[in-house]
Amino acid sequence: MDTNVIGASEFIKVFSDGSVERFIPITAPASLDMYTGYKCKDVTIDPLKPITARIFIPTTTDDAMLPVIVYFHGGGFCIGSTTWLGYHHFLGDLSARSKFIVLSVDYRLAPENKLPLAYEDCYTSLVWLRQQKTSESWFQNADLSRVFLSGDSAGGNIAHQVAITAIRDKECPVTIRGILPIHPYFGSEKRTELEMKEGSEDEVKSNDMFWKLSIPEGLNRDYYSCNLEQMEVSMLEWSRFPHVLVFVAELDFLKERGVMYAEFLKKKGVKVKLIETKDEKHVFHVFRPDLEPARLLQKQMNEFIYSV
């Protein structure tokens, strides 16, 4: 490895001078008429930070009020975008098949923007959503009393943190009915059994790198949003936590952490359900959004949302 590279993976290189080189996969354009069953457009939530998003709405709604999913992409807080082809097709198809409005948020990325800025950006999207309700025609049928937070990997972590912020904000502008973390990304300084297992070195190294790039300087993986046990949440706040559906994948290195997250919530009295997808790896729905396992995931999300 080049001596001036302080962190690298398949999708990112971080150099000692602070510069960052990201490798962007294929993206999909927003369009009003290119896609079957849904249309989408890009919007700016805050031009100064900046925070942007892509809105997906089904093309046929019968003027019914529709639940809203606010989705946060994964990527270790350092990479990713709602414009990536996999995210675009999965969320667009989800909107079309389940009759949801989807607001998929592009938050500021680390290491240029360390945590908790991603959490703040994503909560800002809820405030913006309420502000746009009366002026944005695409939100005309948005039921802001039925808002759900979802995201994969780091986005699942973000969904959890945004839910806590919403509980603490007495003026939260929307009602969050549930969260749906997909393969959520948590950690700690203490290694799990799988992380200490022979053959796990590359996965551990990659996860450690993304956490190091994301958390504030001088702190470690016991940072409050990384280590579940370090989250200072009162029992009163836990009693107000929305229903949770946690997705894990059988072949995902982060499955262990996802199961631990679900068990942690249960101990806090949160109503939580865990679903494991067999024979699949981390964020399979992003890499193969058109195959049956992704369709099943959409169906499970739909059933949860219309049940709470």
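**View 1. The second largest pocket of this predicted model has a volume of about 480 Å³.** The model is predicted, so please read each view with that in mind. Among the 22 residues that line the second largest pocket, those closest to its centre are I6, G7, M209, K212 and L213. If you would like to trace the walls, β1 (5-8), β2 (12-15) and α4 each give at least two residues to this lining. Helix α4 has the largest share, with seven residues. Sorted by class, the lining holds eleven nonpolar, five polar and six charged residues.

**View 2. The largest pocket has a volume of about 730 Å³.** Here 26 residues form the lining, and S153, S206, H282, V283 and F287 are the closest to the centre. Helices α4 (201-214) and α7 (284-287) each contribute at least two lining residues. You will meet α4 again in this view: five residues of the lining come from this helix, the largest share. The lining of the largest pocket is made up of twelve nonpolar, eight polar and six charged residues.

**View 3. Helix α6 covers residues 255-267.** With 13 residues at 1.5 Å a residue, α6 should span 18 Å, and the 19 Å between its end C-alpha atoms agrees with that. Which residues of α6 are buried? They are R257, G258, Y261, A262, F264 and L265. Looking down the axis of α6, you can see these buried residues within an arc of 160°, so they line one face of the helix. K266 and K267 are exposed on the other side of α6.

**View 4. Cysteine C40 is in no disulfide.** In fact, the structure as a whole has zero disulfides. For C40, the nearest cysteine sulfur belongs to C122 and lies 19 Å away. A disulfide here needs two cysteine sulfur atoms within 2.5 Å, so the 19 Å separation rules out a disulfide for C40. Is C40 buried or exposed? Its relative accessibility is 1%, so C40 counts as buried.

**View 5. Cysteine C226 is likewise in no disulfide.** The nearest cysteine sulfur to that of C226 is the one of C78, 13 Å away. With a relative accessible area of 0%, C226 is buried.

Technical notes. Residues numbered from 1 in each chain as written. Predicted model: local features only at pLDDT ≥ 70, side-chain atom pairs only at ≥ 80, totals over all residues. Heavy atoms only, no water. Buried < 20%, exposed > 50% of the residue type's maximum accessible area, 1.4 Å probe, protein only. 1 Å grid on protein atoms, 1.4 Å probe; cavity = no way out; pocket = protein on both sides within 12 Å on 5 of 7 lines; lining within 4 Å. Points joined across faces, edges and corners; volume = space filled by probe spheres on them. Helix = DSSP H or I, 4+ residues; strand = E, 2+ residues; numbered from the N terminus. Nonpolar A, V, L, I, M, F, W, Y, C, P; charged D, E, K, R; others polar. Expected span 1.5 Å × (residues − 1). Arc of directions from axis to C-beta.
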